[in-house]
Amino acid sequence: RSLAASKVAEESAEVLDAVPGSEHQVEEAADVLFHLFALLARDGVDPLRALDVLAQREGLPPRWLRNDE
């Protein structure tokens, strides 16, 4: 777990160090998401559940209850 956690921390620091609004900042944010989702998957959690939590906080149903077709 320490390697996965250190990658999340490392990439998070790179987001904060990047020029605000830059493409580099966006790329580093994508790296944070990748490593965070990989950590969740490794721990047996569907990474998309984190997105469901965000949706629910905004009053939206989780993805499996939506009819997006």
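**Helix faces and packing in a predicted model**

At 1.5 Å a residue, the 20 residues of helix 2 should span 28 Å, and the 29 Å between its end C-alpha atoms agrees with this. The expected span is taken as 1.5 Å times one less than the number of residues in the helix, and helices are DSSP runs (H or I, at least four residues) numbered from the N terminus. The model is a predicted one, in which local features need pLDDT of at least 70 and side-chain atom pairs count only at pLDDT 80 or more, while totals for chains, interfaces and linings use all residues. Residues are numbered from 1 along each chain as its sequence is written, and side-chain values use heavy atoms, with hydrogens and water left out.

Helix 2 has a clear inner side to look at. Its buried residues (under 20% relative accessible area, 1.4 Å probe, protein chains only) are E28, V32, H35, L39 and L40. These residues cover an arc of only 140 degrees around the axis, which puts them on the same side of helix 2; the arc is that of the directions from the helix axis to the C-beta atoms. The buried residues of helix 2 pack against both helix 1 and helix 3, where contact means heavy atoms within 4.5 Å. On the face turned away from this buried side, helix 2 carries the exposed residues E23 and F34, exposed being over 50% and partly exposed in between. A29, also placed in helix 2, is partly exposed, with a relative accessible area of 29%. After helix 2 comes G44, whose phi is positive, near 85 degrees.

Turning to helix 1, this element runs over residues 2-17 and has 16 residues. From its first C-alpha to its last, helix 1 reaches 22 Å, close to the 22 Å expected. A4, V8, E11 and V15 are buried in helix 1. Seen down the axis, the buried residues of helix 1 fall within an arc of 75 degrees, so they line one face of the helix. They pack against helix 2 (23-42). The exposed residues S2, L3, L16 and D17 sit on the face of helix 1 turned away from its buried side. L16 and A29 are 13 residues apart in sequence, and their C-alpha atoms are 9.3 Å apart in space.

Helix 3 covers residues 48-57 and includes L54, which counts as partly exposed at 46% relative accessibility.

Terms used: Helix = DSSP H or I, 4+ residues; strand = E, 2+ residues; numbered from the N terminus.
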